[in-house]
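Me: I've got a model open and I'd like to check the labels people put on it. Can we go through them one at a time?

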Amino acid sequence: MDNPLIFFAVIVALLVLAVLLPRWVRGSAGAAGRRAERRLADAQLAPILDELATTVVLQAPEPTVREIIDGLVVQQPRRFAMLDGGRYGIRFVEPDDAVIRLVAEVEGTRMQVEGFREHLGRPNTAEAWADLRTRTASAARARGIEAHPGPPLSHRRGDDGSWARSDGSA
């Protein structure tokens, strides 16, 4: 270090590095954190969507199935609601945060989730749907009505955080 110009260049390089390095570290650490958060959210979303895609088929006509579900919905009015058009709602914030519909089939009546909304960054009605589905199947079996899992349905996410059936058909 006989030349003062080299000494001065090393000091300037260290100062520039000291200014830029923390910004680069914060940026890359923030990006890594956002990627990890997205992976975690996706990992948590998959089982929720699987639960909401599950259907149940009861081997009974729709009026009989509706009678069973009405009895269960009335027992928990803060969790479930009867909506217009013969649909049912699951409440997280609003009575129709998840909308359940009955569909007539050859072998009976299928109970399914038509659509749902996200609150707090994810759907929050999967647990209530599983509970209603299980309780409906149990009540049906107690009446001698066969209940079995139906075909799973897929849902697609809209821009506003609402999810609807992918095929849009009954």
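Reply: Sure. Before any talk of hairpins, one cut-off: two strands count as paired if DSSP finds at least two bridges between them. Keep in mind that this is a predicted model.

Me: What makes E4 and E5 a pair?

Reply: Strand E4 (residues 98–105) and E5 share 8 bridges in the antiparallel sense. The cut-off is at least two, so they pair. The two strands form a hairpin with 2 residues between them. For bridges you can look up, alanine 104 stands opposite threonine 109 in E5, and valine 99 has glycine 115 in E5 as its bridge partner.

Me: How do you know that E5 and E6 pair?

Reply: DSSP has to find at least two bridges, and E5 and strand E6 (residues 122–123) have 2 in the antiparallel sense, so they qualify. In that pairing, histidine 119 has arginine 122 of E6 as its bridge partner. This hairpin has 2 residues between the strands, and leucine 120 takes a positive phi near 60°.

Me: Which other strands pair with E5?

Reply: Strand E1 (residues 56–58) is one of them, antiparallel over 3 bridges, with leucine 58 partnered by threonine 109 in E5. Strand E9 (residues 162–165) is another, also antiparallel over 3 bridges to E5 (residues 108–119). There, arginine 117 stands opposite serine 162 in E9.

Me: Why is E5 called mostly covered?

Reply: Buried means under 20% relative accessible area, and 11 of the 12 residues in E5 are buried, so the label follows.

Me: What do E8 and E9 form, and which residue in the turn has a positive phi?

Reply: They form a hairpin with 4 residues between them, and glycine 161 in the turn has a positive phi of about 85°. As for the pairing, strand E8 (residues 155–157) and E9 are antiparallel over 3 bridges, and arginine 157 stands opposite tryptophan 163 in E9.

Me: What about E3 and E4, how do they pair?

Reply: Strand E3 (residues 88–90) and E4 pair in the antiparallel sense over 3 bridges. Isoleucine 90 has alanine 98 in E4 as its bridge partner.

Me: Over to the helix. Why is valine 10 called partly exposed?

Reply: Its relative accessible area is 37%. Buried is under 20% and exposed is over 50%, so valine 10 lands in between and is partly exposed. This residue is found in helix H1 (residues 4–53).

Me: And what makes valine 10 eligible for a surface patch, as far as area goes?

Reply: Patch residues need over 30% relative accessible area, and valine 10 has 37%, so it clears that part of the test. The nonpolar patch it belongs to also holds Ile6, Leu14, Leu17, Leu21, Trp24 and Val25, with about 680 Å² of accessible area together.

Methods. Residues numbered from 1 in each chain as written. Predicted model: local features only at pLDDT ≥ 70, side-chain atom pairs only at ≥ 80, totals over all residues. Heavy atoms only, no water. Patch = residues over 30% accessible without salt bridge, like charges linked within 9 Å, V, L, I, M, F, W, Y side chains within 5 Å. Areas by Shrake-Rupley, 256 points an atom, 1.4 Å probe, with all protein chains shown as cover. Salt bridge = Lys/Arg side-chain N within 4 Å of Asp/Glu carboxyl O. Buried < 20%, exposed > 50% of the residue type's maximum accessible area, 1.4 Å probe, protein only.
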